[in-house]
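Reader: I'm new to this one and keep tripping over the labels. Could you walk me through what they rest on?

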Amino acid sequence: GAGKSTLMKVLSGAIIPDAGQMSLYGKQYKPSNPLEARLAGVAMIYQELSLAPHLNACQNIFLGMEPRKGWLLDRKKMRFGAEEACKEMMHELPLDVPVGAMSISDRQIVEIARACAIGCKVLILDEPTSSLTRHDVERLFQLIRRVRDKGYSVVYISHFLEEIAEIADRFTVLRDGRTVSSGDVKSVRSEEIITQMIGRELKNLYPRSLHAAGEEVLKVEGIGGGKVKAASLDLRKGEVVGIAGLVGSGRTEFLRAIFGLDQIVRGKVQIGYFAGPLSPAASWNNGMGMVSEDRKGEGLAIGLSIGDNIILSHPLACEKNGLMLPRLKKEAARSLVDKLRIRCAGPDQAVKELSGGNQQKVALARLLHHGVTVFILDEPTRGIDVASKSEIYKLIDELAARGCAVLMVSSYLPELLGVCDRIAVMCRGVLSAALPASEWTEHGIMSAATAGAAEAGGV
């Protein structure tokens, strides 16, 4: 909610500014739409990529700006332009393959090639690594350095300060819609940037209250299906268990399976005393709720209001005599908006208008409204700022202290080591035993995730 994405939308012509001036190459710059911005030399690549999945890479690169011969598309010129854009980036792309069949990293490269093909010289990247593996991140960074060396200017938005240190020359910090700091990356420590981002010194990013594991609330025995080959786990009241692993290892599929979203072909899942057929409805009814890693695709109803999203799984709490009472809905939503410090105009505001961090809080608020005691969280801090991360870590700690159980998947290893009581590692669909977090190191987790050496722990 600092205003980063909004500012970038102004630069890319998606939003008309209310005041102020912009200049590009020393001339006044005032685009009224994204096409004008692109023609002027500014291209925006959003965190949620804007590609047509059924079209191939070549067609996507020139989408909306196709060269023509009279009334017909000039396909030869499109092909040549796409090939030249790839040469500019020193990167080969399968130009005839539908974008929907490509990896996320290749789709990002299609977006960057689109910018190069139409002659953009200012490239804006919004959280480009939030869904990438480390290998793909390094590949993206190499590409960014190449386009920079060819004279492009790159604006890079990220909440990962280690990425800023690695890729950026200068930085600017926004807070509450204002610029609060700028400077050379090499001249400042990460701790100083965090302080500037949240407006105060952050003494403890990962709060740890006293809590002890109680009775078992979730038991998974030898389940398999899809990417999940063999997974067993137990989860108890008052503890946080983390699952690490590479993207594609089966972590997300494991969570979806135990929540009832994906089919299990063998094994057993027991939620408390319930061991019947799995389904999302059965999970909700037995006190287990899930937050998806894809908050815009399946985690939230983007077109609905904050209040509607919060009560979505349990509207009966806001009904009387079978009728929904707007007053009760607004009171329930307002209480959770205040509790989670969701920055918004009010419960009636559309979720799509919120920042990523505040959208994630709405998804968590739904679980709190429902009153679940088992929280299944898939990448709960993906693509959100440090301040929002800190608040979510605090919430997870409070839930464990209250006796709730939390099972979370994360690609960010410091987060797992800082938040979790126990950690298990998924490798090629096989889940290791969950060991105390104190027995793991980042190196040990990566060794287990890449080689399946889960027995080695973090030693």
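Author: Let's start with helices and strands: both are DSSP runs numbered from the N terminus, with helices being H or I runs of at least four residues and strands E runs of at least two. This is a predicted model, where local features need pLDDT of at least 70, side-chain atom pairs count only at pLDDT 80 or more, and totals for chains, interfaces and linings use all residues. Residues are numbered from 1 along each chain as its sequence is written, and side-chain values use heavy atoms, with hydrogens and water left out.

Reader: What kind of phi does glycine 260 take, and where does it sit relative to H9?

Author: Glycine 260 comes just after H9 and takes a positive phi of about 100°.

Reader: And what makes H9 largely enclosed by the rest of the structure?

Author: Buried means under 20% relative accessible area, exposed means over 50%, and partly exposed is in between (1.4 Å probe, protein chains only). In helix H9, residues 251–259, 8 of the 9 residues are buried, so the helix is largely enclosed by the rest of the structure. Among those buried residues are Arg251, Phe254, Leu255 and Phe259.

Reader: How do you know that strand S6 is largely enclosed too?

Author: Same kind of count: 5 of the 5 residues of S6 (122–126) are buried, so S6 is largely enclosed by the rest of the structure. Val122, Ile124 and Asp126 point one way from the strand, Leu123 and Leu125 point the other way, and all are buried.

Reader: Which strands does S6 pair with?

Author: Two strands pair if DSSP finds at least two bridges between them. S3 (residues 42–45) and S6 are joined by 4 bridges and run parallel, with valine 42 having valine 122 as its bridge partner in S6. S6 and S7 are joined by 5 bridges and also run parallel, and here leucine 123 has valine 154 as its partner in S7. Both counts reach the cut-off, so S6 pairs with S3 and with S7.

Reader: Is glutamate 127 buried or exposed?

Author: Glutamate 127 has 2% relative accessibility, so it counts as buried. Its place is the loop between S6 and H6, and its phi is positive, about 45°, although it is not a glycine.

Reader: Why is tyrosine 25 called exposed?

Author: Tyrosine 25 has 54% relative accessibility, so it lands in the exposed class. You'll find it in the loop between S1 (23–24) and S2 (27–28), where its phi is near 55°, a positive value in a residue other than glycine.

Reader: What class does glutamate 166 fall into?

Author: Glutamate 166, found in helix H7, has 37% relative accessibility, so it counts as partly exposed. Not counting residues up to four places away in sequence, glutamate 166 touches Arg134, Phe141 and Arg145, where contact means heavy atoms within 4.5 Å.

Reader: What joins the side chains of glutamine 349 and glutamate 353?

Author: A polar contact of 3.2 Å. The term asks for a pair of N or O atoms within 3.5 Å; within protein, one must be able to donate a hydrogen and the other to accept it, and residues adjacent in sequence count only if both atoms are side-chain atoms. Glutamine 349 is in the loop between H13 (326–339) and H14, and its relative accessible area is 16%, so it is buried. Leaving aside neighbours within four places in sequence, glutamine 349 is in contact with Ser305, Ile306, Cys344 and Leu354.

Reader: What makes a space a cavity, and how many of 30 Å³ or more are there?

Author: On a 1 Å grid over the protein atoms alone, a cavity is a set of points where a 1.4 Å probe fits but cannot get out; a pocket is an open set with protein on both sides within 12 Å along at least five of seven lines, and lining residues have an atom within 4 Å of a point. The search of the whole structure finds 1 cavity of 30 Å³ or more. The largest cavity has a volume of about 60 Å³, a volume being the space filled by probe spheres set on grid points, which are joined across faces, edges and corners. Its lining includes Tyr206, His211, Tyr393 and Asp397, and H15 supplies the largest share, 3 residues.

Reader: How much space lies in the second largest pocket?

Author: About 1,200 Å³. Of its 43 lining residues, Lys4, Tyr156, Phe171, Thr172 and Val173 are closest to the centre. S8 gives the most to this lining, with 6 residues.
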